[in-house]
Amino acid sequence: MGWVRVSDDFYDQRKFYGVTALGDALWIRGLAFANRNLTDGFIPKRAVKGLIDTTGLSISVDNFTGRDASPEDAVTELLTADIWHESGHDCESCPDVPRGVYLIHDYLDFQPSREKVLEERDRVRGRVQNHREKKRKSGVTDDVTAGVTDDVRAMYDRPQPQPQPQLRLNKVSQVLNRETCEIDSEISVINSSLKGLGVSNFTKLHAELVNVTGRSVTVQQAYEIVLDLLSRASGIVEKPQAYLLTAIKNSWAELQQSIDEGAVA
Ligand SMILES: [Zn+2]
């Protein structure tokens, strides 16, 4: 999922003075469409109907009569206000527009271009891959975490009618701290390498994983999950730490399942 940028004073800008809620709606949806499909601000005319549903809305024609609103009414508002352009427009700051499409005015001044988004995706994918390579070569093996896995699992296997995630986490970190300094070095290797990917607090992500899945999650598993979530991000991840926290919360069921099925190492 990606994001579009909208200035917080857009409705006060002169261009928007004559624009009604109908135009606002189409403008926002058009921005989302262009960003999602990486069109650099172009919107095929035939896509408009799918962007705005005017069922049940009417517009007044004069003081006494009205008629059903249509997507075309929203388009007309945006074109009249020069917020959208069509073929033959005279806006000097926007490129020419082919027939059959509209263009969102000044789109690339505020939203990333298709080229930039694709570059960024490649970059993140490359970073994650490099990272995995480095990790593999660093000689930190799964054996390091094996002992802890058993300890932690033994702890979790005890019947716990009422889950107490916070308590569990304390126990996990106690075990991690007590057991072996190899684990500390494992975590510090992971920590410092994830920092290169913009992940500021791996321990917190690990804790959240345990918390939302209610499962014992080894350091190694947490690390794999974090890398996996990062590599599956579809847009630019501007704040990896926050992004990952949200991703973990949102996909707890899927994560729980892959841990149960042993899909993560
Ligand atoms: Zn323009």
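A residue is buried if 20 or more other C-beta atoms lie within 10 Å of its own, exposed if 12 or fewer, and partly exposed in between. Keep that cut-off handy for the exercises below. One more thing before you start: the model you're looking at is predicted.

**Exercise 1: The big picture**

Find out how many helices and strands the protein chain has, and what percentage of its residues count as buried.

*Solution.*
- Step 1. Go through the secondary structure of the protein chain: you get 12 helices and 5 strands.
- Step 2. Now turn to burial. The chain has 265 residues, and 23% of them count as buried.
- Step 3. Look at who touches whom. Take the contacts between residues at least 6 apart in sequence: 66% of these join residues at least 24 apart.

**Exercise 2: Sorting three residues**

Decide whether Val19, Asp82 and Asp106 are buried, partly exposed or exposed.

*Solution.*
- Step 1. Start with Val19, in the segment before H1. Val19 has 21 C-beta neighbours inside 10 Å, so it counts as buried.
- Step 2. What does Val19 touch? Leaving out residues up to four places away in sequence, Val19 touches Asp24, Glu77, Ala81 and Ile83. Take Glu77: it is 58 residues from Val19 in sequence, yet their C-alpha atoms are 6.0 Å apart in space.
- Step 3. Next is Asp82, in the loop between helix H3 (71-80) and S4. Its count is 14 C-beta neighbours inside 10 Å, so Asp82 is partly exposed.
- Step 4. Last comes Asp106, in the loop between S5 and helix H4 (107-110). With 15 other C-beta atoms within 10 Å, Asp106 is partly exposed too.
- Step 5. Check the backbone of both Asp residues. Most residues other than glycine have a negative phi. Asp82, however, has a positive phi, near 60°, and the phi of Asp106 is also positive, near 55°.

**Exercise 3: Building the sheet**

Work out the order of the strands in the open sheet and say which strands are at its edges.

*Solution.*
- Step 1. Pair S1 with strand S5 (residues 101-104): they are antiparallel, with 3 bridges. Along this pair, Phe42 stands opposite Leu103, and Pro44 stands opposite Val101.
- Step 2. Pair S4 with S5: this is antiparallel as well, with 2 bridges. Here His85 has Leu103 in S5 as its bridge partner.
- Step 3. Put the pairs together. The 3 strands form an open sheet in the order S1-S5-S4, with antiparallel pairing.
- Step 4. Pick out the edges: strand S1 (42-44) and strand S4 (84-85) each pair on one side only.
- Step 5. Add a helix. Helix H1 (residues 21-36) lies across S1 and S5, and it runs at about 100° to S1.

**Exercise 4: Inside the largest core**

Name the helices that each supply at least two residues of the largest nonpolar core.

*Solution.*
- Step 1. Recall the general idea: in soluble globular proteins, nonpolar side chains tend to be buried together.
- Step 2. Find the core. It has 20 residues, and Leu205, Leu209, Ala222, Val226 and Leu244 have the most contacts inside it.
- Step 3. Trace those residues to helices. Helix H8 (181-195), helix H9 (202-213), helix H10 (219-232) and helix H11 (240-250) each give at least two. H10 has the largest share, 8 residues.
- Step 4. Zoom in on Leu209. Not counting residues up to four places away in sequence, Leu209 touches Val217, Ala222, Ile225, Ile248 and Leu255.
- Step 5. Don't miss the other one: a second, separate core has 18 residues, including Phe42, Ile43, Leu78 and Ile83.

**Exercise 5: How H9 packs**

Classify how H9 is oriented against H11, H10 and H12.

*Solution.*
- Step 1. You need a cut-off: angles under 35 degrees count as roughly parallel, and 65 to 115 as roughly perpendicular.
- Step 2. H9 and H11 pack at about 15°, with axes 9 Å apart, so H9 is roughly parallel to H11. The crossing is right-handed. Among the residues that meet here are Leu205 and Leu209 in H9 and Leu244 and Ile248 in H11.
- Step 3. H9 and H10 pack at about 100°, with axes 10 Å apart. These two are therefore roughly perpendicular. Phe202, Leu205, His206 and Leu209 in H9 meet Val219, Ala222, Ile225 and Val226 in H10.
- Step 4. H9 and helix H12 (residues 252-260) pack at about 90°, with axes 9 Å apart, so H9 is roughly perpendicular to H12. Leu209, Val212 and Thr213 of H9 make this contact with Trp252, Leu255, Gln256 and Ile259 of H12.

How values were computed. Residues are numbered from 1 along each chain as its sequence is written. This is a predicted model: local features need pLDDT of at least 70, side-chain atom pairs count only at pLDDT 80 or more; totals for chains, interfaces and linings use all residues. A nonpolar core is a set of buried Ala, Val, Leu, Ile, Met, Phe, Trp, Tyr and Cys residues joined through C-beta atoms within 7 Å. Helices (H or I, at least four residues) and strands (E, at least two) are DSSP runs, numbered from the N terminus. Two residues are in contact if their C-beta atoms, placed from the backbone, lie within 7 Å. Two strands pair if DSSP finds at least two bridges between them. Axes are lines fitted to C-alpha atoms, for helices over the stretch in contact, and angles run from 0 to 180 degrees between N-to-C directions. Angles under 35 degrees count as roughly parallel, over 145 as roughly antiparallel, 65 to 115 as roughly perpendicular and the rest as oblique. A crossing is left-handed if the near helix is turned anticlockwise from the far one by less than a right angle, and right-handed if clockwise.
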